[in-house]
Amino acid sequence: MMSEPLVVILAGSKADIDHCTKISDACKQYGLETVLRIASAHKTPQHALTILNEYEANDRPKVYITVAGR
């Protein structure tokens, strides 16, 4: 049996949270589980890679949505 998919929303900064919340709400309307994380690929690339590696270690199907620049 396949696991339910997870939508991982990566915000570049706290300034992107409002937009990311709208994306999360839209995904939830389709019954998708979402998780929101903040990690700047430009300012803190190692932190962003750590987050990606954390989710990639899980066999669960996932979709990544990235938001930056408000």
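Let me start at G31, which follows helix α1 and has a positive phi, near 80°. Keep in mind that this is a predicted model.

Now back up into the helix itself. Helix α1 covers residues 17-29, which is 13 residues. At 1.5 Å a residue it should span 18 Å, and its end C-alpha atoms are 18 Å apart, so the expected and computed values agree.

Which residues of α1 are buried? They are C20, I23, S24 and C27. These four cover an arc of only 100° around the axis, which puts them on the same side of α1. The spacing is easy to follow: an α-helix has 3.6 residues a turn, so residues three or four places apart point the same way. On the other side of α1, D18, K22 and Q29 are exposed. As for what covers the buried residues, the list includes β1 (6-11), β2 (33-38) and β3 (62-67).

That brings me to the sheet. It is open, has three strands in the order β2-β1-β3, and the pairing is parallel. The edge strands, β2 and β3, each pair on one side only. From one strand to the next, the twist averages 20°. Between β1 and β3, which run parallel, there are six bridges. For a reference point there, look at A11, which stands opposite V67 in β3. A second helix, α2, residues 45-56, packs on the sheet and touches β1, β2 and β3. The direction of α2 makes about 160° with that of β2.

Last, the charged pairs. Side chains of opposite charge can pair when their charged atoms come close. How many salt bridges does the model have? The count is two, taking a side-chain nitrogen of Lys or Arg within 4 Å of a carboxyl oxygen of Asp or Glu.

One salt bridge is between E33 and R60, with the closest N and O atoms 2.5 Å apart. E33 sits in strand β2 and R60 in the loop between α2 and β3, so this pair ties together parts that are 27 residues apart in sequence. E33 is partly exposed, at a relative accessible area of 43%.

The other joins the side chains of R37 and E54, at 3.4 Å from N to O. Here R37 is in strand β2 and E54 in helix α2, 17 residues apart, so the pair links distant parts of the chain. R37 counts as partly exposed at 23% relative accessibility, and E54 is partly exposed with a relative accessible area of 43%.

Technical notes. Residues numbered from 1 in each chain as written. Predicted model: local features only at pLDDT ≥ 70, side-chain atom pairs only at ≥ 80, totals over all residues. Heavy atoms only, no water. Helix = DSSP H or I, 4+ residues; strand = E, 2+ residues; numbered from the N terminus. Expected span 1.5 Å × (residues − 1). Buried < 20%, exposed > 50% of the residue type's maximum accessible area, 1.4 Å probe, protein only. Arc of directions from axis to C-beta. Contact = heavy atoms within 4.5 Å. Pairing = 2+ DSSP bridges. Axes fitted to C-alpha atoms, helices over the stretch in contact; angles between N-to-C directions.
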